[in-house]
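Visitor: Could you take me through one part of this model closely, beginning with how a pair of helices packs and going on to the charged pairs and the cysteines?

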Amino acid sequence: MIRTVEPSPHVSAPVLAAYSYCEAVTGTQARNFAYGIRLLPTPKRRAMSALYAFSRRVDDIGDGDLEPATKSTRLAETRALLARVREGEVAEDDTDPVAVALTHASRAFPVPLTGLDELIDGVEMDLRGETYETWDDLRTYCRCVAGAIGRLSVGVFGTRPGARGVERAAEYADTLGLALQLTNILRDVREDAENGRTYLPADDLAKFGCSAGFASPTPPPGSDFAGLVHFEVRRARALFAEGYRLLPMLDRRSGACVAAMAGIYRRLLDRIERDPEAVLRGRVSLPGREKAYVAARGLSGLDARTVSRVSRQTVRRHP
Ligand SMILES: CC(C)=CCC/C(C)=C/CC/C(C)=C/COP(=O)(O)OP(=O)(O)O
């Protein structure tokens, strides 16, 4: 059996501890994305965990119970921290493990850290309570909160030697981020409505008689809710199809990571398409076993021992 051994450059003890913290955050909180991230070789897995932990912090500020003014202050502080990371001002023994890990990751990989500023921009749009008239408007928001993460991820993955069209890799990653985010918006339509947020474009809501919103377990009276959901599902599928052009540009394990992330979300989309009103009754999710299956399938080109290790770990952490 031929096994590929990934080089693992020396990492100091404080940086290792910082990465361990980020991996623990990813393992416990990334209910869907952890399955893909776990498929990467160690240096890339650590870097993706650092990106995830930073993004999680930004998201948690936006979604938490703090007063809006306090959220704004916390976001401004996080932006200032990001500037320190970018300037290389965070020491290895800094008390913030996410900043330490992100600093190390951004030196090891060519990640465009401005993407994390865009993520903060997106969460600030949430704080301002912005709504979106058209898909073009919503796409701008989705590019900030998800497209940017796709572009950062490609910096970690790199592209396969000899792959064609790699100058478009970041563009496809961005589009895949949009596909994931639109799926996420459909899945969370009820929860967001309860928190006073509407993401779906107002012109789509009007077209399907859904302008009254979704803060109840049944569709707005007289609306064509299923029609709205199917319309957005088609839009998300087109984005997935375009974003999947990234896959042939990636090495095998990065490709497996992206296939797992996207595959899990595509299955969520299938469920939503089959039963649109399910998103009004609660959160649509896949059982841990199904997510592990999707991840293992992405890995099927790899050796059997890696496949079974990944399956065991993912089922244990996300039953
Ligand atoms: C190329 C590439 C890797 C593209 C993907 C980029 C990416 C990971 C975008 C994140 C978008 C998204 C739906 C976040 C939701 O996180 P959440 O914590 O709310 O998700 P969850 O509730 O499903 O766990």
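**A helix pair and its surroundings**

Guide: In this predicted model, the axes of helix α7 (residues 135-157) and helix α8 (residues 169-187) come within 7 Å of each other and cross at roughly 120°. That angle makes α7 oblique to α8, since the range for roughly perpendicular ends at 115 degrees and roughly antiparallel applies only over 145. The crossing of α7 and α8 is right-handed, and the contact between the two helices, sorted by residue class, has 14 nonpolar, four polar and four charged residues.

Helix α7 also holds a salt bridge within itself: the side chains of Arg 139 and Asp 136 meet with an N to O distance of 2.3 Å, and the two residues lie three apart in α7, about one turn of the helix. Arg 139 counts as partly exposed at 26% relative accessibility, and Asp 136 is likewise partly exposed, with a relative accessible area of 45%.

This pair belongs to a count of 32 salt bridges, some of which link distant parts of the chain. Asp 117 and Arg 86 meet through their side chains at 2.9 Å, N to O; Asp 117 lies in helix α6 (residues 114-127) and Arg 86 in helix α4 (residues 68-86), 31 residues apart. Here Asp 117 counts as buried, at 12% relative accessibility, whereas Arg 86 is partly exposed, with a relative accessible area of 36%. Both residues take part in a network of salt bridges that links Arg 79, Arg 86, Asp 117, Asp 121 and Glu 124.

Helix α6 is tied to another part of the chain as well, through a salt bridge between Arg 197 and Asp 126, whose closest N and O atoms are 4.0 Å apart. Because Arg 197 lies in the loop between α9 (189-194) and α10 (202-207) while Asp 126 lies in helix α6, the pair ties together parts that are 71 residues apart in sequence. Arg 197 and Asp 126 are both buried.

As for the cysteines, the structure holds zero disulfides. The sulfur of Cys 210 has its closest cysteine sulfur in Cys 142, 18 Å away, which is too far for a bond, and Cys 210 is buried, with a relative accessible area of 0%. For Cys 257 the closest cysteine sulfur is that of Cys 22, at 16 Å, again too far for a bond; Cys 257 is also buried, with a relative accessible area of 0%.

Key. Residues numbered from 1 in each chain as written. Predicted model: local features only at pLDDT ≥ 70, side-chain atom pairs only at ≥ 80, totals over all residues. Heavy atoms only, no water. Axes fitted to C-alpha atoms, helices over the stretch in contact; angles between N-to-C directions. Helix = DSSP H or I, 4+ residues; strand = E, 2+ residues; numbered from the N terminus. Parallel < 35°, antiparallel > 145°, perpendicular 65-115°, else oblique. Left-handed = near helix turned anticlockwise from the far one by under 90°. Nonpolar A, V, L, I, M, F, W, Y, C, P; charged D, E, K, R; others polar. Disulfide = S-S within 2.5 Å. Buried < 20%, exposed > 50% of the residue type's maximum accessible area, 1.4 Å probe, protein only.
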